[in-house]
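Student: Hey, I've just opened this one and don't know where to start. Can you walk me through it?
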Amino acid sequence: MSCKTIPQIQADLKSGAQSCVGLVNYYLAKIEANKHLNAFLEVFTDSALQRAELLDKKLKVGEPTGKLFGTVVALKDNICYKGHHVSAGSKILEGFTSLFDATVVERLLAEDAIIIGRTNCDEFAMGSSNENSAYGNVLNAADNTRVPGGSSGGSAVAVQAGLCQASFGSDTGGSIRQPAAFCGVVGLKPTYGRVSRYGLIAYASSFDQIGPFTKSVEDAALLMEVISGKDNYDSTSSSQKVDNYSAHLGFDKKAKIAVFPAVMNSTGLHSDVKSAVEDLVANLKSEGHTIGEIDFAFLDHLIATYYVLSTAEASSNLARFDGVHYGYRSKQAGEMETVYKKSRTEGFGKEVKNRIMLGTFVLSSGYYDAYYSRAQKVRRILTEKIRGIFKEYDFIILPTSPTVAFKFGEKSDNPVEMYLADIYTVLANLTGIPAISLPLAEDVNGLPIGIQVMADNFQEGNLLAFSEKLMQWLFPLFERGVRRGGRGVWLFVFATVSSPRLAKNGYHFHKSGYHLLLNYFLIN
């Protein structure tokens, strides 16, 4: 069942070989059998079964069915579903019930999807390993000693382990693509504005996008058709026409593909990941596709720019969680000032506090121009550079992550290394372009390797068609299935971007006045 595509399962439903209720019960049993993975924070057993019964009746009486009829999906725990809990993986929202549906949820339900539960994630989508959830780690189904990636680790594992047909996450700096790479599934970040953010609990509003995790490009294309499009509740959503992606997955032309030697020659790139990308590029070249090596001198600035801007936005967005309006309120709170201080101190986790403090600092008087304004200028330069590349090339190919899934705790004490896990994904968020991670290889230990393909704004159709070609042509991983299947002290560290520690890991940052701000939370 878990290896079938959405159209294949729908064919079974319409032929009578399967029912929606039977399908939901199948996934409920799998979720129960895999509780140790901690992928789900809550399973919507009753509402999923009730909806399945309604859909079975709908089919029986001959009513028209939607594009996603009977498709069982899961939602990351930062996407609102009316009448159901949503917590963003944080204690500060524990017990909160959503009063409305996210636009994505409305569109899924309108096309007869079934929502089976909410998945675990890093708190407020801040993390690269799913070790920052207030509700415990999610385990990688391929190797339970390794992280699933973050922040959408629960959604990635839910698809990886066959606990649902598809799932949805949010991608702020790679939070769909990086866990997709670590878990050996397909993960797509759409163009900024392609999918409405209404009903998504915000981390960084100019970066966040909702996208799907699937086991096939075909399923991702079908889901994108449904969730994309203009939404009056989100002024940043685009009115650009939504193509029939799933009907146009054929790619029969020769592509022009850009690669960045600065990425491939970095000593921070794992040898197996490097070989996988080089093999793919060599195969594409042998098939007649044009490969162009681009001197991308801005790679050094990506992480610094991303964290300055995203944390600045986070410090503003998370100000609403104050113990007054909604969410957690400290039992020790008395007067107004202690309500704010104690509720936020007790309700937020360490990493969220780190990023709020960092964001508040870069927006503060005297530092705004030095950091925030400069980062915005770099973002504009990056956008112009990428726009220029796509005037000559169809796609950019990069690794999704410098490494395969790492062990729990391996990077927890080194924020620099943890942040660098996103070095190849943040480019798409900074510039707004669509990007997809494809499970096109494995390392010597059988762990999935994700290869990332980027396209120009609103070129999801071409991106999906080219991705489908790659999936059918090279390394057909899915045809085999996934093989396995105390007292705190704040310390601010202002590390110059020519930091020896970064250089040691192969990332040589330009010696300018630009700084990468990192927060270390030291536990005595």
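Tutor: Sure. Keep in mind that this is a predicted model. Let's begin with one pair of residues: Val 73 stands opposite Ala 166 in S4.

Student: OK, and which strands pair there, and in what sense?

Tutor: Strand S2 (residues 72-76) pairs with strand S4 (residues 166-171). The pairing is parallel, over 3 bridges.

Student: Does anything pack on the sheet around there? What does helix H4 touch?

Tutor: Helix H4 (residues 103-110) packs on the sheet and touches S2, strand S3 (114-119), S4 and strand S6 (209-214). The direction of H4 makes about 175° with that of S2. Helix H13 (residues 368-392) packs on the sheet too, touching strand S7 (256-259), strand S9 (395-399) and strand S11 (448-455). Its angle with the direction of S9 is about 120°.

Student: So how many strands are in the sheet, and in what order?

Tutor: There are 11, in an open sheet with mixed pairing. The order is S1-S3-S2-S4-S6-S5-S10-S11-S9-S7-S8.

Student: Which strands stand at the edges?

Tutor: Strand S1 (40-43) and strand S8 (290-293). Each has a single partner strand, so one side of each has no neighbour in the sheet. From one strand to the next, the twist averages 30°.

Student: New topic: Gln 10. Is that one buried or exposed?

Tutor: Gln 10 counts as buried, because its relative accessibility is 11%, under the 20% cut-off. You'll find Gln 10 in helix H1 (residues 6-15).

Student: What does Gln 10 touch?

Tutor: Leaving out residues up to four places away in sequence, Gln 10 touches Gly 66, Lys 67, Leu 68, Phe 69 and Thr 71. A polar atom of the Gln 10 side chain lies 3.3 Å from the backbone oxygen of Phe 69.

Technical notes. Residues are numbered from 1 along each chain as its sequence is written. This is a predicted model: local features need pLDDT of at least 70, side-chain atom pairs count only at pLDDT 80 or more; totals for chains, interfaces and linings use all residues. Side-chain values use heavy atoms; hydrogens and water are left out. Two strands pair if DSSP finds at least two bridges between them. Helices (H or I, at least four residues) and strands (E, at least two) are DSSP runs, numbered from the N terminus. Axes are lines fitted to C-alpha atoms, for helices over the stretch in contact, and angles run from 0 to 180 degrees between N-to-C directions. Contact means heavy atoms within 4.5 Å. Buried means under 20% relative accessible area, exposed over 50%, partly exposed in between (1.4 Å probe, protein chains only). A polar contact is a pair of N or O atoms within 3.5 Å; within protein, one must be able to donate a hydrogen and the other to accept it, and residues adjacent in sequence count only if both atoms are side-chain atoms.
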